[in-house]
Every structure is written in C-alpha cells, then in structure tokens.
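Work through the exercises below with the coordinates open. Each task is followed by a stepwise solution.

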There are 2 protein chains.
Amino acid sequence: MAKPNSSSTAIKLLQSHSLTTLVHREIERRILSGDMAPGDKLNEADVAGELNVSRGPVREAFRALEQAGLVRTEKNRGVFVREISLAEADEIYEVRAGLDELIGRLAAERITAAQVAELRELLKKMQRVARARSVDDYYPLNVRFHALLASCAGNATLESVYGQLVNELHLYRRETLARGADSFPISTREHSEIVDALARRDGDRAARLLYGHAMESRERLHATLERAVAPPPTRTPPLPPQRAPRRNRRPEVPR
Amino acid sequence: MAKPNSSSTAIKLLQSHSLTTLVHREIERRILSGDMAPGDKLNEADVAGELNVSRGPVREAFRALEQAGLVRTEKNRGVFVREISLAEADEIYEVRAGLDELIGRLAAERITAAQVAELRELLKKMQRVARARSVDDYYPLNVRFHALLASCAGNATLESVYGQLVNELHLYRRETLARGADSFPISTREHSEIVDALARRDGDRAARLLYGHAMESRERLHATLERAVAPPPTRTPPLPPQRAPRRNRRPEVPR
DNA sequence: GTGTTGCAGATTGTTGACAATCTACAAACG
DNA sequence: CGTTTGTAGATTGTCAACAATCTGCAACAC
C-alpha cells in the first residue's frame, strides 16, 4: 500500500547490507585509516569476535579484500595486510599516471560549471593549508582533489579503477611512511593550472599536466626513498622469510 | 633432507590451492567460456553439488568474483552473471583505450627482440585466419595479441588491470552477441603498424595507434549495435524487473 | 651443545545444520 | 473476475562443530 515503487533509499541500504559487506567495509576502513599496518596479520576468530559475528562472513570479506588488493592470503597461515614493495608502488604510479591523463582528456569534455566551482573551492582550502605547511592536513585534501577530478570524467568504471589504485598507493604510504610523494604542497600551482585547463576545455593540456603531475609524484617518491636509504629502512626489523606470491588476477584467454 | 630450499613449484601449487580458489577459477572459466550467459543465476547448492564441495567455499568464491566484476549479488536472491549495459561497455572501452595508449608508450621503451618476434609470429597467424574470413577463429587471436602487448609494457599491475577490463568486455560480447567490435579482421594492417612502431621504439606513434585502435573498436561496437536496433534485441525476451545496482568499489578517502 | 623428533596448542579449511528471507501458488475476499 | 492474503517450498545468510595444517617448545639422540 501507500507508495509501492518509491524505491526508498533507506530500504535499499538494509537490503544490500549483509554481514559480509559490513565486515568488508570495516576491515577496509581499518586498513586505510592506518589502524592496521601493512604486514599485520588478520586473525579470523579475533575479527569475528570483535564484530560479534561468526567466522563465515569474515572469511567471505577476506576473499573480497584479497581481490581488491588490500590483503594477501597464505593458505593455512592466514591473511595479512598487503605490503607493497617499491617496485610495485612504481608500477601503480605508472598506471595512475596513464589514467590521470585519460581523466584530463575526458573531464575537459564533460566537466560542468558546478564541478569547476567545487574544484576551485577545494583548491582555495588546499592553498590555505599549504601556506600553513601542515602536511598531514594537506594529504587528504590532495586525495579528495584527485578523486573529484576522477568523477568529473563522467566514467564510473574509470573512477572505480582509479580509486582502487589510489587505495593501494595509500597502503604503500602507510607502509613506508614515505610521506613525500603526495604530501608536500609543492603542486598548488600545478593544480590550479589543471583546473584552468579543464575550465577552458583544453583537454590536451589538462591531460599533459595531469600525466606530468602524476609522474612527478613518482619521482618525488624515489627521491624521498633514496634520501632515506642510509637511515634505517623505516621499520620492519626482523622481516619474515618473505615468501609472498604475486597477486592473483590473471587475464585468461577464453575458449 | 635432500633439497631443503628448492621451492619445488609443485609444492607451491598445492600450497595455494584451497577449495575456494579452485571453485573461483572454475566459475570464472564457465563464465568466460560462455557456458553461462550474462543474467544466469548461480545457485550455491547446485554449484557446490557439481563440484563436490560444501557451500562455504562457493560463497567465498562468489565474493571474489563479485569484486572482480564478473557477477552481481542481490541479497537473499542470489548471484547472477553480470550483465553489462551498452553504457558500461562504452565506459570500459574508454578506459581500455587509455590503458592501451599507456601500454604503447611503455612497451616501446621496454620491449625485447624476442617479444617483437613473438608478436610478428602471432600477426602472421592472424593474417592467415583473416584471409580465411573465419571470424570465430580471429577473435581469440586478437585477444591474445593484445594480452601479449600488455605484457610487453613490463608492468604487472597494468597487465592485471587491463586483463580485468578485457574480461568484462568479453562478458559484454557474450551478452549481446555483438561480434563486430573486436572480431572482424579489419585491423590487421593497424596491428602491423603497431608492432613496427614498437620495434622502432617510437613510443608516441605506438601510443597514438593503440589509442585510436581501441577507440575504433568502440565505434564499431556502436555501429553494430545501431544496425541491430530494428531487429529483435539479440535475446532476453521477458527481461526481469532490472533492479540491478551499480558496482560496489568505492574510492573512500582515509582519515 | 647442536640438531632432530614428537607432541600440544592454536589457527585455518571445510562441513552440515539452523534461521531468515524470498517466490510462487492457492485460497479467501471484495 | 481481479485483488489480497496466507502458506509451503526453495534459497540464501549465519553459525557452530569438526578436520587438517601449522607453530613453538620440549624431550631426546648424537
């Protein structure tokens, strides 16, 4: 009765929230927020106990997180927060640069006036924080800026793939404490130029700026790492045998 | 005793192959091979029975497949082979084009002589098949060509992301039977030019060719679809209520 | 003392049973 | 005759117990 097909959003939420989903999100939150460091072990029974569920949903959530690249599983040994090597971070930066380039080209075509305004708003906030040199405040704003940019490309698939890579890079940052790559507000001018190019619908320039911007982050990462090569390697004193396998997504040709 | 640290690969295989993994691969194979069509329902008990395992591993495999974008889950209703709309296929093609461009640029720097030879070998085979106009033989070769190209970029992350998108597009092909997009051997000349550019290490040209190549596939897809707009919509006579939600990967800003 | 072997505890992998929810059909009602 | 309501069956969501495997320590042999 009443409204049969109003599709009340509240209903939809409860409809899709199984325990597995909840557990998945909670663990993801813990990993990305830094509550758990890369290499930490996730004990099924402990997690289940803390969240007051049984081990079934926890195991299901682990499989999803593994596919998302946030944890690594070793049979009969457990799941661990994924550790990202410098080489892997390098790879991810490279892919991200390519996607950023695409984002620039597409966003220039499709961006709306409201989105430009929102970006400029965010830019102002970033410049304030940059002047205050508060690095830890700057990083999340930078992440938000690029996420917003990705959404301006008007391609949900692109946004989703991009977001996954950013998550993995975030993991790397947590692991090495190599704060330099995306944190220092070196790039406020570049950010402004990007938004300007988008506002003028100059896709080629936006694409070029964004690609260069991402590659610079990668360079800064290397610089930071090389500077920190003589001091202790940031943590991990004993470092277990390291029999970690590669990730498991494979192309697989049909037929 | 004997060889304590030979890391015999046979051991490693049994080490990582849990039932969940096996089930995951088997279902993936069934979906990509076309044994199951998009929209088909995957019944937990049935799958468990066919593979002689209990429902636990099956459910875990489902969660991984969902994250990989191959199935869609509706709470209390089941999991279904993902149906990809034209709009989504369009998005994926767009992202794939961007990645192809990146692949061209990177592969030009890193490709080896052996890889060039392998590509040329494959090209010859493709031209033979193209002359014979056997479309169904051409498609898998085309897939292999692009997978090989992706591996030449020397970036495992890129290869993995690219492979996932290709899988999803394959799903679209299965769904619509829109064979035109990647099947017709229109592009043997373009393929040759791409390999030539890579062999000359002309990254800019390879990137441009590959981007254009992917975008052409997208255009062909549209053309094929528009040509088939008056005839019946390729299948799905009743078409259930269609309350499919969006995919569930989300960026999620930390802290 | 050094290295090996064998247990005990803990953790993961798997299973089957139970609870909650949905679908479909049929009976009752207007 | 069409609509609604209730019930039965099937299916998914969750749980707790069992089996297999691993880790660490202690006892033993050399």
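**Exercise 1: the protein surface around DNA strand C**

Among the 20 residues around DNA strand C, those that come nearest are A:R55, A:R59, B:L19, B:S54 and B:R77. The model is a predicted one.

Task: State which part of DNA strand C accounts for 76% of its atoms within 4 Å of the protein, and how the residues of the surface near the strand divide by type.

Solution.
1. Sugar and phosphate make up 76% of the atoms of DNA strand C that come within 4 Å of the protein.
2. The residues of the surface near DNA strand C comprise nine charged, seven polar and four nonpolar ones.

**Exercise 2: side-chain contacts of chain A**

Task: For A:R59, A:R55 and A:K41, find which kind of atom of DNA strand C pairs with an N or O atom of the side chain. Then locate the elements that give two or more residues to this surface.

Solution.
1. The side chain of A:R59 has an N or O atom 2.6 Å from a phosphate oxygen of DNA strand C.
2. For A:R55, the partner is a base nitrogen of DNA strand C, at 2.9 Å.
3. For A:K41, the partner is a sugar or linking oxygen, at 3.4 Å.
4. Two or more residues each come from β1 (41-42) and α4 (55-67) of chain A and from α4 (55-67) of chain B.

**Exercise 3: chain A as a whole**

Task: Describe the secondary structure, burial and contact range of chain A.

Solution.
1. Chain A contains 11 helices and three strands, in the order α-α-β-α-α-β-β-α-α-α-α-α-α-α.
2. Of its 255 residues, 50% are buried.
3. Among contacts in chain A with a separation of 6 or more, 76% join residues 24 or more positions apart.
4. The accessible surface of chain A is about 12600 Å², with 54% belonging to carbon and sulfur atoms.

Methods: Residues numbered from 1 in each chain as written. Chains lettered and ligands numbered in written order. Predicted model: local features only at pLDDT ≥ 70, side-chain atom pairs only at ≥ 80, totals over all residues. Heavy atoms only, no water. Near = heavy atom within 4 Å. Polar contact = N/O pair within 3.5 Å; in protein donor to acceptor, adjacent residues only side chain to side chain. Helix = DSSP H or I, 4+ residues; strand = E, 2+ residues; numbered from the N terminus. Nonpolar A, V, L, I, M, F, W, Y, C, P; charged D, E, K, R; others polar. Buried < 20%, exposed > 50% of the residue type's maximum accessible area, 1.4 Å probe, protein only. Contact = heavy atoms within 4.5 Å. Areas by Shrake-Rupley, 256 points an atom, 1.4 Å probe, with all protein chains shown as cover.
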